[in-house]
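Reader: I would like a close look at a single part of this model, namely its nonpolar core and what is arranged around that core. Please take me through it in one connected account.

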Amino acid sequence: MTNNLLCPVVLQLQPEGTLPDIQSTEEATNFLKSHRNSSLPYFLAVGYYKPHIPFKIPTQYLQLHKNTDFKTLDLDYPPHGLPTVAWNSYLDIRSRDDMMALNISYPFGPIPDLVKLKIRQHYYAAVSYVDAMIGELLKNVNFEDTIIVLTSDHGWALGEHAEWSKFSNYDVALNVPLIIYSPQVKPKSENKIATVVELLDLFPTLVDLAGLPPISTCKNNRRVEETCVEGKSLQPLIFGDPCHSLLEEAFSQYPRSGTYPSIHPNSDKPKLYQIEIMGYSLRTKQFRYTAWIGFDPNTFKRNWSKIYGEELYDHTIDPKENMNLVDRPQLVTIVEWLRLRLQEMFC
């Protein structure tokens, strides 16, 4: 048996002629059908594994995305000024048998151009596969009395910055789809809301949309048994309240075992006791700022006096985050303000 990254399959030849995401769809569909005529409320969460690797998907979905549809990215190399601590060496990709056979140089690559195209093709095919499953599921939903959310837990790099996978603080690894449907909201010609929000906002949003009593905001001295939220409800945004404004910022963090990529320990996925550096990141409407600072895994204390690397990207001129501007003297005030905001959140 091989452990390949790219492994499309003939569905009929799989055990029981199926795959896990198809089985999940069937079970969820059965649940929806059994509750179709019930007046009782329900909450159903359906998690799909694809497009996680390996790309084990029915072969017919590759036909939707020809290899010739893709091209090598113009900027598929590490950005100028990127600190080595920020580099994601995509060890999960490298560990697959078909990728190991390529003998890709560690830690910066690159992956051969033709293989890049094949990986992108398989990723898009995996997304189409899951899209088809979601479509089957939605056929059994009553849109008149059901709130629906489509989202994900992370993004995935497809060669941007010469990186692959998800182990970074780049937008491409952190940005996720977030589609919220509520029967209370009238359809518009343009329903896209270009506001920076967090997945922490999802729980209080669902509470509000369901008409449940609001949940209090968490405080530092809260009791463990208390239910509270750190996010904010997006209901005013969804309903288009012109008098309601949100502070557009989203926070993230990612650990590293050292300042330079390593296989042992795995710098992409260090175990808790191996973490020496934590990358804290703040995304505003215009900027992404990331600081890689000292971190004690035993006490979870952060050391802001030890900054191993910083990144600053201006989304008004560089939405793909290809230019690290942190050393520009004209932006020193902005860097200091964003750093202070991160320190306030992660003191």
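Author: In this predicted model, the largest nonpolar core has 43 residues, and those with the most contacts inside it are Leu-5, Phe-55, Ile-93, Ile-119, Tyr-129, Trp-156 and Trp-164. Helix 1 and helix 4 are the elements that give two or more residues to this core, and helix 4 gives the most, with 10 residues.

Helix 1 can be followed in some detail. For its 15 residues, 20–34, a rise of 1.5 Å a residue leads one to expect a span of 21 Å, and the C-alpha atoms at its two ends are indeed 21 Å apart, which agrees. Its buried residues are Asp-21, Ile-22, Thr-25, Ala-28, Thr-29 and Leu-32. Viewed down the helix axis, the buried residues of helix 1 fall within an arc of 130°, so they line one face of the helix. That buried set packs against helix 4, residues 113–138, whereas Pro-20, Glu-27 and Ser-34 are exposed on the other side of helix 1.

Two of the residues named for their contacts in the core, Phe-55 and Trp-156, also bring us to the aromatic rings. A pair of aromatic rings is described by the distance of the centres and the angle of the planes. The count of aromatic pairs in the model comes to 16. In one of them, the ring centres of Phe-55 and Trp-156 are 5.9 Å apart and the planes stand at 80°, so this pair is edge-to-face. The pair links distant parts of the chain, since Phe-55 belongs to the loop between helix 1 and helix 2 (91–94), while Trp-156 belongs to the loop between strand 1 (148–151) and strand 2 (157–158), 101 residues apart. Phe-55 and Trp-156 are both buried, and together with Phe-70, Tyr-123 and Tyr-124 they form one aromatic cluster.

A further edge-to-face pair is formed by Phe-143 and Tyr-181, with 5.4 Å from centre to centre and 70° between the planes. Because Phe-143 lies in the loop between helix 4 and strand 1 and Tyr-181 in strand 4 (residues 178–181), this pair ties together parts that are 38 residues apart in sequence. Phe-143 is partly exposed, at a relative accessible area of 35%, and Tyr-181 is also partly exposed, at 29%. Another aromatic ring, that of Tyr-90, has the charged end of Arg-94 sitting over it, 4.3 Å from the ring centre.

Strand 4, which holds Tyr-181, leads on to helix 6, for strand 4 is among the elements that cover the buried residues of that helix, as are strand 1 and helix 7 (235–238). The buried residues in helix 6 include Leu-202, Pro-204, Thr-205, Val-207 and Leu-209. Thr-205, found in this helix of residues 202–209, counts as buried because its relative accessibility is 0%. Apart from neighbours within four places in sequence, Thr-205 is in contact with Ile-180, Lys-232, Ser-233, Leu-234, Gln-235 and Ile-238. Following helix 6 comes Gly-211, whose phi is positive, near 75°.

Notes
Residues are numbered from 1 along each chain as its sequence is written. This is a predicted model: local features need pLDDT of at least 70, side-chain atom pairs count only at pLDDT 80 or more; totals for chains, interfaces and linings use all residues. Side-chain values use heavy atoms; hydrogens and water are left out. Helices (H or I, at least four residues) and strands (E, at least two) are DSSP runs, numbered from the N terminus. The expected span of a helix is 1.5 Å times one less than its number of residues. Buried means under 20% relative accessible area, exposed over 50%, partly exposed in between (1.4 Å probe, protein chains only). The arc is that of the directions from the helix axis to the C-beta atoms. Contact means heavy atoms within 4.5 Å. Rings of Phe, Tyr and Trp (its six-membered ring) pair if their centres lie within 6.5 Å; planes under 30 degrees apart count as stacked, over 60 as edge-to-face and the rest as tilted. A charge sits over a ring if NZ of Lys or CZ of Arg is within 6 Å of the ring centre and within 35 degrees of the ring normal. A nonpolar core is a set of buried Ala, Val, Leu, Ile, Met, Phe, Trp, Tyr and Cys residues joined through side-chain atoms within 4.5 Å.
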